[in-house]
Amino acid sequence: MKRLLQILILAPLAAGAQVAAQSIPELKYEANADVLMLPAYGEVAGVATNSRGHIFVYARTGHPVATLGDERTFYHGNARLFEFDPNGKFVKEIGQGTYGFDFAQQVRIDPQDHIWTIDAGSNVLTKFAPDGRLVMVIGRKPEAIAVRSGAGLPARPIDDDSPPLGTIAGGGGRGGGAGQSAPGAGTRSELFNRPADVAFDRGGNVYIADGMGTNNRVAVFNRDGNWVRGWGQTGSGRGQFN
């Protein structure tokens with residue numbers, strides 16, 4: 001009886017395994033775990049390539065310096081951006097000591113080969129020219145203490161002859177969607193709460209997924225880094241995210 005039960009149990013499993021093996025095509029690839037000749041780094045958060053095949057790695061180094069604020073902890077120097085050639089040879093590090101490098105979240109390359117880093121620690125997106133010059137910053141770190149909302153600094157892209165200090169698209173308010181009732185209205189603020197990703201359209205407009213914190217929206221900026229609108233809010237209905 002015991003033998004019969006074993007046959008009844010194992011036979012369908014064996015048949016299912018054979019069918020699965022026949023229906024799944026073999027993936028033909030050659031793995032190379034050492035393709036990138038990396039300097040010292042910690043946890044990789046994002047990888048992207050440009051039109052020349054260069055590889056960009058945005059990593060969490062694991063060596064932050066923390067400052068305790070009244071409302072949050074600030075981390076400094078906990079993210080690094082590396083560039084490699086198509087063969088994986090290290091080219092250079094980009095943005096050492098940059099204001100927005102705290103806790104790496106993602107890196108993207110736009111159609112013009114600009115390099116964009118998304119940082120969930122500083123709540124900042126940083127735009128670099130293809131050669132690594134810092135040209136724009138969207139968002140800013142929240143205050144260490146609660147402050148009254150006010151007008152932010154307008155974004156102004158740096159001219160080619162200007163020093164590489166970046167620009168800031170600030171905003172009024174701390175976000176969170178307070179007072180928003182219409183579905184899809186978005187948070188009226190240019191401050192982010194743990195942004196996750198960024199995308200671009202043919203007109204150069206920038207779409208920022210600001211959804212890991214309390215904002216739960218898409219923030220839209222034009223190609224110059226000026227605020228356009230926010231879309232989406234917290235919830236499970238139409239025009240809402242959770």
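Me: What makes strand 14 and strand 15 a pair in this predicted model?

Reply: Two strands count as paired if at least two bridges are found between them. Strand 14 (residues 217-221) and strand 15 (residues 227-231) are joined over 4 bridges in the antiparallel sense, so the pair satisfies that criterion. One example is A219, whose bridge partner in strand 15 is G230. The hairpin of these strands has 5 residues between them, and G225 takes a positive phi near 85° there.

Me: How do you know that strand 13 pairs with strand 12 and with strand 14?

Reply: The requirement is again at least two bridges. Strand 12 (residues 197-200) and strand 13 have 4 bridges, while strand 13 and strand 14 have 5 bridges; both pairings are therefore established. The sense is antiparallel for strand 12 with strand 13, and antiparallel also for strand 13 with strand 14. Y207 of strand 13 stands opposite A199, and the bridge partner of Y207 in strand 14 is V220.

Me: Which residues have a positive phi in the hairpins that strand 13 forms?

Reply: In the hairpin with strand 12, which has 5 residues between the strands, G204 has a positive phi near 85°. In the hairpin with strand 14, 6 residues lie between the strands, and N216 in the turn has a positive phi of about 50°.

Me: Why are the side chains along strand 13 said to alternate?

Reply: V206, I208 and D210 point to one face and are buried, whereas Y207 and A209 point to the other face and are not buried. Buried here stands for under 20% relative accessible area.

Me: Why is A199 called partly exposed?

Reply: Partly exposed covers the range between the buried limit of 20% and the exposed limit of 50%. A199 has 38% relative accessibility, so the residue counts as partly exposed. A199 is found in strand 12. Leaving aside neighbours within four places in sequence, A199 is in contact with N205, V206 and Y207. The C-alpha atoms of A199 and R108 are separated by 7.9 Å, with the two residues 91 residues apart along the chain.

Me: How do you know that D197 and R108 form a salt bridge?

Reply: The limit is a side-chain nitrogen of Lys or Arg within 4 Å of a carboxyl oxygen of Asp or Glu. For D197 and R108 the N to O distance is 2.7 Å, so the pair qualifies. D197 lies in strand 12 and R108 in strand 7, so this salt bridge ties together parts 89 residues apart in sequence. D197 is partly exposed at 22% relative accessibility, and R108 is partly exposed at 30%.

Me: What makes D102 and K141 a salt bridge?

Reply: Their closest N and O atoms are 3.7 Å apart, which is within the 4 Å limit. D102 is in the loop between strand 6 and strand 7, and K141 in the loop between strand 10 and strand 11, 39 residues apart. Both D102 and K141 are buried. Another salt bridge joins E26 and K28 at 3.9 Å, N to O; E26 and K28 are both exposed. The structure holds 8 salt bridges.

Me: Why do strand 1 and strand 6 stand at the edges of their sheet?

Reply: The open sheet of 4 strands has the order 1-2-5-6, with antiparallel pairing. Strand 1 (43-49) and strand 6 (90-94) each have a single partner strand, so one side of each is left without a neighbour in the sheet. Neighbouring strands of this sheet are turned by 25° against each other on average, direction ignored. Strand 5 (residues 79-84) is joined to strand 6 by 4 bridges, and E83 stands opposite K92 in strand 6.

Definitions and conventions
Residues numbered from 1 in each chain as written. Predicted model: local features only at pLDDT ≥ 70, side-chain atom pairs only at ≥ 80, totals over all residues. Heavy atoms only, no water. Helix = DSSP H or I, 4+ residues; strand = E, 2+ residues; numbered from the N terminus. Buried < 20%, exposed > 50% of the residue type's maximum accessible area, 1.4 Å probe, protein only. Axes fitted to C-alpha atoms, helices over the stretch in contact; angles between N-to-C directions. Contact = heavy atoms within 4.5 Å.
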